[in-house]
Each structure stands twice: as C-alpha cells, then as structure tokens.
Amino acid sequence: MMNETREVAAKWVPLVVRRAFWLWVLAVVAGAVETVFVVGSGDAGSGGDVVVGVLVRCLAYGVVLGLAMLMLRGKRWARIVLALGVGILGTLSLVMEPIEWVLDGNSVSGLLERADLAWWGTAVSRAVHVGAVWGGVVLMFMPAANRYFRK
C-alpha cells in the first residue's frame, strides 16, 4: 500500500516544476550551441585546449541534466545544487568575461560594429542560456514547487 501511494505521488509533478525542468534542458542546449559557435569561430584556442574545453562542458551539461532529472523527481538537494551551483556560480562564469572586458575599457559600440555571425550566435545563445537558468531557478521556488519539494 505504501509503495502504491509513493508511486502515485511521484507521478504528480506541478507544472512549474516541469517547466523548470524544461528550462534547464533549454539552458544545456543553448550552452551546447554556444560551444559550437565558439569552437567554430576559432576563439576556443587550438588542439588539445579545444578538446579539453569541450569535454569539460559536456561533463558539466551531463551533470546539469542529471540534477534536473533528480529535481523533477522531487529531490530537494538537487534543487539546491541547481540554484546555488549552476544558478549562481554558473552565471558568474558566463558573465564575468564580458564584464571584465567592458571594465578594461573596451568599446561595446566598436564591438557591435565588427560583430560577425559567430559573435552574434555566441551572444544570443549565451543570453538564452542565462535566461533559461534563471527562469528555471525562479520556477523551482514558486509556491507549488515548494509544496512539491516538502513531500
């Protein structure tokens, strides 16, 4: 009887939690697209550096997808790791480079004048990536989600 109750309860996942899951998936896809643009543009370096960088990103994306699946199943700790680890630390890793670039006195208007398809692809995919991460974080802490994670 107890197992049946758990199975029925496990099948019900609030809409906000399901949407949060799909936003995490979108974040991973956007990150993969960004990787393709960066590697394709030659900005990722050369040889072994590129391979190591791509492997590290693939590992990170696999971890995020695994955490998102666990979060979808109601694992509170996975929600916290996603929010703190990926939400905060991951976002910092994505935005620090552009912030440092601007703080170094570089011209945004000059950059936009010479931006090519690879730059725009990277910029748009990174914006989608960050937006999806923060959309996922917000949805994971909505009232219906909080009730789900308390069970």
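This short talk walks through one predicted model, going from the overall fold to the pockets, the nonpolar core and a few individual residues.

Let me start with the chain as a whole. The protein chain has 7 helices and 0 strands, and, read from the N terminus, its elements therefore run α-α-α-α-α-α-α, in the order given by the helix numbering. Taken along the principal axes, the C-alpha atoms fill a box of roughly 65 × 30 × 20 Å. Of the 151 residues, 32% count as buried, and, if we look at contacts between residues at least 6 apart in sequence, 78% of them join residues at least 24 apart.

I will turn next to the nonpolar interior. The largest nonpolar core has 26 residues, and the ones with the most contacts inside it are V17, W24, M71, L82 and M140. Helices α2, α3, α4, α6 and α7, the last of these spanning 143–150, each supply at least two residues of this core, while the largest share, 8 residues, comes from α2. M140 is worth a closer look on the screen: leaving out residues up to four places away in sequence, M140 touches A20, W24, M71, R79, L82, A83, A145, N146 and F149. That list includes W24, M71 and L82, which are also named among the residues with the most contacts inside the core.

Now to the pockets, beginning with the largest, which holds about 670 Å³ of space. It is lined by 20 residues, and those closest to its centre are E97, P98, L111, W119 and T122. Four helices each supply at least two residues of this lining, namely α2 (15–41), α4 (76–103), α5 (108–114) and α6 (117–140), and α6 gives the most, with 5 residues. As for the chemistry of the lining of the largest pocket, its residues divide into 11 nonpolar, 2 polar and 7 charged.

The second largest pocket has a volume of about 440 Å³. Here 21 residues form the lining, with Y61, G90, S93, L94 and H129 closest to the centre. Helices α2, α3 (48–72), α4 and α6 each supply at least two residues of the lining of this second pocket, and its largest share, 9 residues, comes from α4. The lining of the second largest pocket divides into 13 nonpolar, 5 polar and 3 charged residues.

With the pockets described, which residues does E34 contact, once its neighbours within four places in sequence are left aside? E34 is placed in helix α2, and its contacts are R57, L94, T122, S125, R126 and H129. Of these, T122 is listed among the residues closest to the centre of the largest pocket, whereas L94 and H129 are listed among those closest to the centre of the second largest pocket. E34 itself has a relative accessible area of 0%, and because the limit for buried is under 20%, this charged side chain counts as buried.

From E34 we can step across to R126, which lies in helix α6. Is R126 buried or exposed? At 17% relative accessibility R126 counts as buried, since the cut-off is under 20%. Setting aside residues up to four places away in sequence, R126 touches E34, R57, L94, E97 and P98, so that E34 and R57 appear here as well, R57 being a contact of E34 too. In addition, a polar atom of the R126 side chain lies 2.8 Å from the backbone oxygen of L94.

A second side chain that approaches a backbone oxygen belongs to N106, which sits in the loop between α4 and α5. A polar atom of the N106 side chain lies 2.7 Å from the backbone oxygen of W101. At 34% relative accessibility, N106 counts as partly exposed, because that value falls between the 20% and 50% limits.

I will close with G53, which is found in helix α3. G53 has a relative accessibility of 31% and for that reason counts as partly exposed. The C-alpha atoms of G53 and A32 are separated by 12 Å, and these two residues are 21 residues apart along the chain.

Conventions. Residues are numbered from 1 along each chain as its sequence is written. This is a predicted model: local features need pLDDT of at least 70, side-chain atom pairs count only at pLDDT 80 or more; totals for chains, interfaces and linings use all residues. Side-chain values use heavy atoms; hydrogens and water are left out. On a 1 Å grid over the protein atoms alone, a cavity is a set of points where a 1.4 Å probe fits but cannot get out, and a pocket is an open set with protein on both sides within 12 Å along at least five of seven lines; lining residues have an atom within 4 Å of a point. Grid points are joined across faces, edges and corners, and a volume is the space filled by probe spheres set on the points. A nonpolar core is a set of buried Ala, Val, Leu, Ile, Met, Phe, Trp, Tyr and Cys residues joined through side-chain atoms within 4.5 Å. Buried means under 20% relative accessible area, exposed over 50%, partly exposed in between (1.4 Å probe, protein chains only). Contact means heavy atoms within 4.5 Å. A polar contact is a pair of N or O atoms within 3.5 Å; within protein, one must be able to donate a hydrogen and the other to accept it, and residues adjacent in sequence count only if both atoms are side-chain atoms.
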